[in-house]
Amino acid sequence: MSEATLRQPASSSVSSDNEEVLMASATEKLPDSDTYYMGIALAVRAKANCTGNRIGAVTVLHNRVISTGYNGVPEGMKNCLEGGCLRCRNPNGLFPSGTGYDLCICVHAEQNTLLSAARFGIAVEGSTIYTTMQPCFGCAKELRQAKVKRIVYLHPWTPSDADPQMDAGKKAEHDKLLSGFDAKQLSMVDPRAEWAVTTLRRKS
């Protein structure tokens, strides 16, 4: 028996293994674009240095990531987790829930992704923003003004107020701002939801 004949079964076995790998790859389900980019936003969120909600955001244009951002204090300042923000530190409960935000020095994730793009001269008009939490009033206004077209978010956020009339008014104004976007809440598992979302953290 020749050497070539002896090697033939091994070659056939390798070929069969390769075919099995290819078949498995062909049936493997890849993530859709929204899930893929939200996964990047979740990775960005890991850098958030706020004691409140921890959020990551990614701006995408023409199916390319053009900017990212997470929430925390401005660059070069003592970060929030080290007590850099008075509002977030909230000594002795100085600021009741929903108050004192004009004193908060943290920059939101959506703001940071817009500011980073602006800093490097990148246009965001017509883009999609993927954010791990629905934008607040300020971020929604800025995203509209920047001509962002679409918002995909993971966790909901709605304004609230102890006064029923004011509560209804805040929600209506927030809805009015968001009505200018193609907005979608993404159904996706967040393995660090309790770490990131204040209301879930309190329940745990």
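Modeller: One term first: a strand here is a DSSP run of E, at least two residues long, and strands are numbered from the N terminus. Also keep in mind that this is a predicted model.

Biologist: Fine, let's use that term. Which strand does V152 lie in?

Modeller: The run of interest covers residues 150-155, and V152 sits in it. That strand is β4.

Biologist: Is V152 buried or exposed?

Modeller: Buried means under 20% relative accessible area. V152 comes in at 0%, so it counts as buried.

Biologist: And which residues does V152 touch, leaving out those up to four places away in sequence?

Modeller: Some of its partners come from earlier in the numbering, including D34 and M38. Others are K184 and L186. The rest of the list is T128, I129, Y130 and T131.

Biologist: T35 caught my eye too. What separates the C-alpha atoms of V152 and T35?

Modeller: Along the chain, V152 and T35 are 117 residues apart. In space, their C-alpha atoms are separated by 9.7 Å.

Biologist: Let me zoom out. In what order do the elements of the protein chain run from the N terminus on?

Modeller: The tally is eight helices and five strands. Reading from the N terminus, the order is α-α-β-β-α-α-β-α-β-α-β-α-α.

Biologist: What share of the residues of the protein chain count as buried?

Modeller: There are 204 residues to sort. A residue goes in the buried group if its relative accessible area is under 20%. By that cut-off, the buried share is 34%.

Biologist: And what part of the accessible surface belongs to carbon and sulfur atoms?

Modeller: The accessible surface of the protein chain comes to about 12,700 Å². Carbon and sulfur atoms account for 54%.

Biologist: On to T59. Where is T59 found, and is it buried or exposed?

Modeller: T59 is in strand β1, residues 56-61. Its relative accessibility is 1%, and the cut-off for buried is under 20%. So T59 counts as buried.

Biologist: Which side chain does T59 join in a polar contact?

Modeller: T59 touches several residues beyond four places away in sequence, among them R64, V124, S127 and T113. One of these also makes a polar contact of 2.9 Å, side chain to side chain. The partner is T113.

Biologist: Then let's look at α4. What covers the buried residues of α4?

Modeller: The buried residues of α4 are A109, E110, Q111, T113, L114 and A117. An α-helix has 3.6 residues a turn, so residues three or four places apart point the same way. The cover over the buried residues of α4 includes β1, β2, β3 and α5.

Biologist: Which residue follows α4 with a positive phi?

Modeller: The phi in question is near 70 degrees. The residue is G121.

Biologist: N90 isn't a glycine, though. What is the phi of N90?

Modeller: Most residues other than glycine have a negative phi. N90, in the loop between α3 and α4, has a positive one. The value is about 45 degrees.

Biologist: N92 has a positive phi as well. Is N92 buried or exposed?

Modeller: N92 lies in the loop between α3 and α4, with phi near 55 degrees. Exposed means over 50% relative accessible area. At 83%, N92 is exposed.

Biologist: Now pockets. Which residues lining the largest pocket are closest to its centre?

Modeller: The largest pocket has a volume of about 1,400 Å³. Its lining has 40 residues. Those closest to the centre are N53, R87, G98, Y101 and W157.

Biologist: Which element gives the largest share of the lining of the largest pocket?

Modeller: Elements that give two or more residues are α3, α4, α5 and α8. By class, the lining has 17 nonpolar, 17 polar and six charged residues. The largest share, five residues, comes from α8.

Biologist: And for the second largest pocket, which element gives the largest share of the lining?

Modeller: This pocket has a volume of about 330 Å³ and is lined by 14 residues, with Y70, V73, P74, E75 and N112 nearest its centre. β2 and α4 each supply at least two residues of the lining. The largest share, four residues, comes from α4.

Technical notes
Residues are numbered from 1 along each chain as its sequence is written. This is a predicted model: local features need pLDDT of at least 70, side-chain atom pairs count only at pLDDT 80 or more; totals for chains, interfaces and linings use all residues. Side-chain values use heavy atoms; hydrogens and water are left out. Buried means under 20% relative accessible area, exposed over 50%, partly exposed in between (1.4 Å probe, protein chains only). Accessible areas come from the Shrake-Rupley method with a 1.4 Å probe; for residues, only the protein chains shown count as cover. A polar contact is a pair of N or O atoms within 3.5 Å; within protein, one must be able to donate a hydrogen and the other to accept it, and residues adjacent in sequence count only if both atoms are side-chain atoms. Contact means heavy atoms within 4.5 Å. On a 1 Å grid over the protein atoms alone, a cavity is a set of points where a 1.4 Å probe fits but cannot get out, and a pocket is an open set with protein on both sides within 12 Å along at least five of seven lines; lining residues have an atom within 4 Å of a point. Grid points are joined across faces, edges and corners, and a volume is the space filled by probe spheres set on the points. Ala, Val, Leu, Ile, Met, Phe, Trp, Tyr, Cys and Pro count as nonpolar, Asp, Glu, Lys and Arg as charged, and the others, Gly among them, as polar.
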